[in-house]
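Okay, thanks for coming, everyone. I'd like to walk you through a fold today, sheets and helices mainly, so let's get the picture up.

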Amino acid sequence: MESDIPAAAINTGNIGGASERTGTGIKVIVVGAGFGGLTAAIECYRNGHNVEIYESFPELKPLGDIISFGANAGRIFYRWSDGQVAERLISLSIDLAEYGFRIHKWDTGEVVFHQKTPPRSVESPVINGHRGELHTVVFDYAQNELKIPIHLGQTVTEYFEDDQQAGIMLSSGEKVIGDVVLGADGVRSKARELVLGYMDKPKSSGYAVWRAWFPNTDMITDPRTSEFCDRGDTFNGWIGPDVHFLFSTIKGGKDCCWVLTHKDEHDIDESWSFPGKLEEVFEVLDGWDPVCKAIVEKTPSLVDWKLVYRDPLPTWISKLGRIALVGDSAHPFLPTSAQGATQAMEDGVSIATCLRLAGKMHIPAALRTHQDIRYERVGAVQKTGETTRDRWHKTDWSKVKEDPTSIAFPREDWIHTYDIEKEAALGFPSIFQKYA
């Protein structure tokens, strides 16, 4: 068993190759159609499971701004349909091969470090683009090409399980039953209460982010800002006292986006995303490089996003082992990790692989094996969000003067070269024996 299970699990081919596998007979219900939920569903399809998605939003809207996927996510995308999905995503992604990432001192505006962009790997591309546009590609792939049923406008009011099955109750009163339920519906997932045995609430991280995405119409007519659009795809960051401001132009300079992370202690008991106010942004940028305000003042609208965190959960798996938390439901990430969506995707690959290797008779053991495979890695990657934020927000400028690389955005090989499909397969046999 230990010699042939890993080989069977590693699928480097396309969907056609995966669909030739014998179906497992496992019915998986995925709640949430974000990147984590969609990836879980696509990977369940690839692994021979029967899968359906339930999403509360009534229609797909290409909302949002910039989102980042590391090479460890690009490797997952590349395996879908012989690289075709990755190609579609790359066509919408920022290309910083020439420009790189230019890091400025907050007040003088001087570039203190020019971080080069590594060449994009064909089989594990880094992808950064508009959240809504990239999401549409993955959503359409799941729904239109793989024909995965996606039920929109379906609010889940309850999760439940017994020794033989698990399910969800919808607001319509309909009960949906399967073998496994994956709660991929965010930090307020109702699955958390069932898994934990109590109701917990998100806590303020002490920080918030103003975010915006807009066309270059006004930017390109202002000599203070036109250079960014004229250069095509660009990425610049200004690092200041407990604040950092990131600005990109994308699509050859046609679109602009910025994010500004700052201290914020507001209560986020009921909501964590609000319309933002430009005058509040200007207050934070007082005394900064004037170029920053010149960028922000052209913003037609922005979002004030309160960054929440959860205490690390003791488990992501329900008591009877048939419900699993996925992505933000289990482990929300700070944006400075640039790994939140990618780690949600890794969850989906790991779960789908473990379910197939364990088989329908061993679902609780499969989900617990998945958690053991993922738990330590997820915690370590989460920590990078804090360390990167602190690197920038508590910058020792004398150290930067001596060593400019000390302010660079970390790109750690142990994160980006990781192949979750391979690692889940290799780790499965020994861990599974503990639970089977």
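Before I start on the sheets, a quick bit of vocabulary: when I say two strands pair, I mean that DSSP finds at least two bridges between them. And please keep in mind that what you see is a predicted model.

So, the overall picture. The chain has 15 helices and 18 strands. Its radius of gyration is 22 Å, close to the 22 Å that the globule rule gives for 436 residues, so the chain is as compact as a globular protein of that length. If you lay the C-alpha trace along its principal axes, it spans about 65 × 40 × 40 Å.

Let's take the sheet with parallel pairing. It is an open sheet of 5 strands, and the order is 7-2-1-11-18. At the edges you find strand 7, residues 150–151, and strand 18, residues 323–325; each has a single partner strand, so one side of each is left without a neighbour in the sheet. Further in, strand 1 (residues 27–31) runs parallel to strand 2 (residues 50–54), with 5 bridges between the two. If you want one pair to click on, take Ile29, whose bridge partner in strand 2 is Glu52.

Now, what packs on this sheet? Helix 3, residues 35–46, does, and it touches strand 1, strand 2, strand 7 and strand 11, the last being residues 180–183. The direction of helix 3 makes about 165° with that of strand 2.

Helix 3 also has a helix partner. Quick reminder: two packed helices are described by the angle between their axes and the distance between the axes. Helix 3 packs against helix 6, residues 131–145, at an angle of about 25°, with the axes 10 Å apart. Anything under 35 degrees counts as roughly parallel, so that is what we call helix 3 and helix 6. Their crossing is left-handed. From helix 3, the contact uses Phe35, Leu38 and Ile42, while the helix 6 side includes Leu134, Val138 and Tyr141. By class, this contact has 8 nonpolar, 1 polar and 1 charged residues.

Which way round does helix 5 sit against helix 6, roughly parallel or roughly antiparallel? Helix 5, residues 84–91, packs on helix 6 at about 155°, with their axes 9 Å apart. The cut-off for roughly antiparallel is over 145 degrees, and therefore that is the label for helix 5 and helix 6. This crossing is right-handed. Val85, Arg88 and Leu89 of helix 5 meet Leu134, Val137, Val138, Tyr141 and Glu145 of helix 6. Here the classes come out as 6 nonpolar, no polar and 2 charged residues.

On to the other sheet I wanted to show. This one is open too, with 8 strands in the order 5-4-13-14-15-12-17-16 and mixed pairing. The edge positions go to strand 5 (111–115) and strand 16 (273–275), and since each has a single partner strand, one side of each is left without a neighbour in the sheet. From one strand to the next, the twist averages 20°. Strand 14 (residues 243–250) and strand 15 (residues 255–263) run antiparallel and are joined by 7 bridges. In that pair, Phe245 has Leu260 of strand 15 as its bridge partner.

Lastly, helix 12, residues 363–393, packs on this sheet, touching strand 4, strand 12, strand 13, strand 14 and strand 15. Its direction makes about 105° with that of strand 14. Happy to rotate the view if anyone wants another look.

Key. Residues are numbered from 1 along each chain as its sequence is written. This is a predicted model: local features need pLDDT of at least 70, side-chain atom pairs count only at pLDDT 80 or more; totals for chains, interfaces and linings use all residues. Side-chain values use heavy atoms; hydrogens and water are left out. Helices (H or I, at least four residues) and strands (E, at least two) are DSSP runs, numbered from the N terminus. Contact means heavy atoms within 4.5 Å. Axes are lines fitted to C-alpha atoms, for helices over the stretch in contact, and angles run from 0 to 180 degrees between N-to-C directions. Angles under 35 degrees count as roughly parallel, over 145 as roughly antiparallel, 65 to 115 as roughly perpendicular and the rest as oblique. A crossing is left-handed if the near helix is turned anticlockwise from the far one by less than a right angle, and right-handed if clockwise. Ala, Val, Leu, Ile, Met, Phe, Trp, Tyr, Cys and Pro count as nonpolar, Asp, Glu, Lys and Arg as charged, and the others, Gly among them, as polar. The radius of gyration is taken over C-alpha atoms; the globule rule is 2.2 Å times the number of residues to the power 0.38.
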